[in-house]
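Visitor: Could you walk me through this structure? I have not seen it before.

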Amino acid sequence: MAAEQPLEVAVALTIGSVSASGSTTARLSLAEYLKYSDGGDTRYELVAGELVPMALPTGRHVQIQKFLSQVFEAEIARRQLPWTTIQGGLGIQSPRGNRWETVRIPDVVVLPLQQWQEMGSREALIRLEDPPPLLVVEVVSEASRAADYRAKRAEYCVLGIGEYWIVDPLEEKVSLLLLHEGWYDVLELKGSEGVPSQVFVGLELQVGEILAADSGYPGRATGS
């Protein structure tokens, strides 16, 4: 969800480069990022060691997040699966091919319940050595378009996340990315087309229903 632009942080750090004005482009370690607070409500992703502010989402963005979380939770309960859904509150450490760390915060994550419970006494972060989540969803905004379609696609693929949904209310479509032989196969879906999830097999959910984020969704499914 975050824009792929570095944040200039005017703090005195021993790392990073100092500009003529005396401000510092901060590059943080993972440990520093996990402890970081600017004293406000802004949340940040970490991209190659640099803080990237997550822009305040639109109401529609939030409704889509909430809707998908509710649909996934309903399916988990109906099928009695040992999974849970986290909406916008779980970090995923991502590989970037250099010594600086990257942490993404997807809009929606589905993961095993036990894995989530094990984070009860530590940061809500899936580390590189942990099993990847079952499914992640990013809802596209103007600021996040490039990251959602390009950088996060590559990172989530390397992490071995088997299913990645890119919900794009700007272009009124959903991209379903399914991991196959080390790379994502992509289905571009619109309108009344259903989303053939491999995590929630048999879930009858149309693109139009996702984009409308209708709270009256009846939770239809054909899978067992």
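Guide: The following conversation goes from the whole chain to the sheet, the helices and a few individual residues.

Visitor: What kind of model is it, and how many helices and strands are in the chain?

Guide: This is a predicted model. The chain holds five helices and eleven strands.

Visitor: How much of the chain is buried?

Guide: Of the 224 residues in the chain, 45% are buried. The accessible surface of the chain is about 10800 Å², and carbon and sulfur atoms account for 52% of that surface.

Visitor: And which share of the contacts joins residues at least 24 apart?

Guide: The share is 57%, counted among contacts between residues at least 6 apart in sequence.

Visitor: Let us turn to the sheet. What is the order of its strands?

Guide: The order is β3-β6-β8-β9-β10-β11, in an open sheet of six strands with mixed pairing. At the edges are β3 and β11, each of which pairs on one side only. On average, neighbouring strands of this sheet are turned by 15 degrees against each other, ignoring direction.

Visitor: Is β9 mostly covered or mostly open?

Guide: Strand β9 is mostly covered, with six of its six residues buried. On one side these are E163, W165 and V167, and on the other Y164, I166 and D168.

Visitor: What pairs with β9, and in which sense?

Guide: Strand β8 pairs with β9 in the parallel sense over four bridges, and V139 has V167 in β9 as its bridge partner. The path from β8 to β9 goes through helix α4, residues 145–159, in a right-handed β-α-β crossover. Strand β10 runs antiparallel to β9, joined to it by six bridges, with E163 opposite L178 in β10.

Visitor: What lies between β9 and β10?

Guide: Four residues lie between them in a hairpin, and E172 in the turn has a positive phi of about 55 degrees.

Visitor: How many bridges join β10 to β11?

Guide: Seven bridges join these antiparallel strands. One position to look for is V174, which stands opposite L189 in β11.

Visitor: Where does α2 pack on the sheet?

Guide: Helix α2 touches β3, β6, β8 and β9, and its direction makes about 170 degrees with that of β3. This helix covers residues 59–79 and spans 30 Å from its first C-alpha to its last, close to the 30 Å expected for its 21 residues.

Visitor: Which residues of α2 are buried?

Guide: Among them are I64, F67, L68, V71, F72 and I76, together with polar or charged names such as H61, Q65, E75 and R79. Besides the four strands already mentioned, the buried residues of α2 pack against α5, residues 207–212. Just after α2, Q80 takes a positive phi of about 55 degrees.

Visitor: And which strands does α4 lie across?

Guide: Helix α4 lies across β8, β9, β10 and β11, and runs at about 180 degrees to β9.

Visitor: Back to positive phi. Where is A48 found?

Guide: The loop between β1 and β2 contains A48. Its phi is near 50 degrees, a positive value in a residue other than glycine.

Visitor: Is A48 buried or exposed?

Guide: A48 counts as buried because its relative accessible area is 13%, under the 20% limit for that label.

Visitor: What about E181, buried or exposed?

Guide: E181 counts as exposed because its relative accessibility is 76%, over the 50% limit. Its place is the loop between β10 and β11, and its phi is also positive, about 50 degrees, although E181 is not a glycine.

Definitions and conventions:
Residues are numbered from 1 along each chain as its sequence is written. This is a predicted model: local features need pLDDT of at least 70, side-chain atom pairs count only at pLDDT 80 or more; totals for chains, interfaces and linings use all residues. Side-chain values use heavy atoms; hydrogens and water are left out. Helices (H or I, at least four residues) and strands (E, at least two) are DSSP runs, numbered from the N terminus. The expected span of a helix is 1.5 Å times one less than its number of residues. Buried means under 20% relative accessible area, exposed over 50%, partly exposed in between (1.4 Å probe, protein chains only). Contact means heavy atoms within 4.5 Å. Accessible areas come from the Shrake-Rupley method with a 1.4 Å probe; for residues, only the protein chains shown count as cover. Two strands pair if DSSP finds at least two bridges between them. A crossover is right-handed if, with the strands pointing away from the viewer, the path from the first strand over the helix to the second runs clockwise. Axes are lines fitted to C-alpha atoms, for helices over the stretch in contact, and angles run from 0 to 180 degrees between N-to-C directions.
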